[in-house]
Amino acid sequence: MEITDISATNVSTESWGEFVEFPLVTVMSGYEEYNNAEGNNPQARRKWMGPVGDVVVEIETDAGITGVGHGNWATGAIKTIVDETLSKLIVGCDPTRRERLWDIMYRATIPFGRKGAAIEAISAVDLALWDIAGKAADKPVYELLGGPVTDEIPCYASNLHPVDLETLEREAIEYVEAGFDAVKLRFQYGPEAGREGMRKNEAIVETVRDAVGHDIAIAGDAYMGWSVRYAKKMCKRIEKYDLAWVEEPVIPDNIDGYAEIRDATEVPISGGEHEFTRWGHEELLERGAVDILQPDVHRCGGLTELLRIDALASAHDVPVIPHSGTNPHLHFIAASTNAPMAEYFPIPQWYQDQQSEKDSTYADAIYASPPDATDGVLELPEGVGLSSQLNHSALESYAVDDQ
């Protein structure tokens, strides 16, 4: 089999729907024009995120098999890297030689890569190669990874946003009634909001804990919006609510800060969503920075690299709970003994009630069969390959023209 062509399509952040509009603290919250903590600046995140949210890569072969993968963010840079560099490295090659192709792509992009857009581009290509492998074998990819270790995948409801405390309480209860035994909230404020912001952050946690009781796991996401000093104080305030983890308290390059926060609190600390390759995640593990590792297969280097990261994490006795619950992640989780659950983005009922038409939550709109949880679990992905059949009408609708 031989690769005959590769194409990349930029997908607008509009396909992420409500996810970019909710109030929450972010890495940019220290700047007023990019802060939507109060919910009165819904375009704040779009201003810095850029128009392109995902890049879909399709690889064609002379066997008539087309593989599909996608990379996150990089505002269209992924497409440029695929078109101008990676395509020239892999077209004409055997798509089953994934290890060789990964190493070639990584080495060729070192002068401008190693992290960021170049690795995200490699991620998308690698996923498309795995998709081809599954389709060629007429099997789901999790079967190629050694077979499933579970019959269904537990997941946590990850769209719990602090719109207001009454709505937050109602939404948390709805998720528990829907069968989820774990939820993740977003903190609303960072250091820029001072002590009052800390009080309001604690009120968010308290509201959810009171709503769901003590048998439901609660995680909280700070999305890189805190400082080390602030995170240590905030974690001390919320220890009594028994959180499952606090996610990305500081920027990913502050690994010493991660470790300092972790040493100062009983709340487990998670991270890795914005880290790249086995080397980046190894540093988090070796320096004792995280209790839970959260790589994203669309960013970290694809499935080939995620398998290496999982092996490293397992050797350190650190569980892997990947960022986002796309089908490629589900194939990985299905075949890993070190990945206990998936992230899942239900659309809040109150938000659905505001919409006359809604066809997206996170990147699901561009796929024909996005994951759908029932009673807090996801079935094993259906179909051969990575279960990545495209919704071509949605893809065309959300496609961003080349600039």
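## Arg262 and its partner

R262 is partly exposed, since its relative accessible area comes to 27%. This is a predicted model, so keep that in mind for everything below. R262 forms a salt bridge with D291, and the closest N and O atoms sit 2.9 Å apart. R262 belongs to helix α9 (residues 255-264), while D291 is in the loop between α10 (277-286) and β9 (292-293), so this pair ties together parts that are 29 residues apart in sequence.

How accessible is D291? With a relative accessible area of 24%, D291 is partly exposed too.

## A pair inside α4

Over in helix α4 (residues 117-137), the side chains of D131 and K135 meet in a salt bridge, at 2.9 Å from N to O. The two residues are four apart in that helix, so about one helical turn separates them.

Is each end of this pair buried or partly exposed? D131 has 0% relative accessibility and so falls under the 20% cut-off for buried. K135, at 29%, counts as partly exposed.

## Where α3 meets α11

Two packed helices are described by the angle between their axes and the distance between the axes. For helix α3 (residues 98-109) and helix α11 (residues 302-315), the axes come within 10 Å and cross at roughly 95°. That angle falls in the 65 to 115 degree range, which means α3 is roughly perpendicular to α11.

Which residues make the contact? On the α3 side they are R98, E99 and W102, and on the α11 side T304, E305 and R308. By type, the residues of this contact split into four charged, one polar and one nonpolar.

## Charges around α11

Side chains of opposite charge can pair when their charged atoms come close. Within α11, R308 forms a salt bridge with E305, and here the closest N and O atoms are 2.4 Å apart. R308 and E305 are three residues apart, about one turn of the helix. E305 has 0% relative accessibility, so this residue counts as buried.

The pair is also part of something wider: E99, R278, E305 and R308 are linked in a network of salt bridges. Among the members of that network, E99, E305 and R308 also take part in the contact of α3 with α11.

## The overall tally

How many salt bridges turn up when the whole structure is searched? The search finds 20. The pairs described here include R262 with D291, D131 with K135, and R308 with E305.

How values were computed
Residues are numbered from 1 along each chain as its sequence is written. This is a predicted model: local features need pLDDT of at least 70, side-chain atom pairs count only at pLDDT 80 or more; totals for chains, interfaces and linings use all residues. Side-chain values use heavy atoms; hydrogens and water are left out. Axes are lines fitted to C-alpha atoms, for helices over the stretch in contact, and angles run from 0 to 180 degrees between N-to-C directions. Angles under 35 degrees count as roughly parallel, over 145 as roughly antiparallel, 65 to 115 as roughly perpendicular and the rest as oblique. Contact means heavy atoms within 4.5 Å. Ala, Val, Leu, Ile, Met, Phe, Trp, Tyr, Cys and Pro count as nonpolar, Asp, Glu, Lys and Arg as charged, and the others, Gly among them, as polar. A salt bridge is a side-chain nitrogen of Lys or Arg within 4 Å of a carboxyl oxygen of Asp or Glu. Buried means under 20% relative accessible area, exposed over 50%, partly exposed in between (1.4 Å probe, protein chains only).
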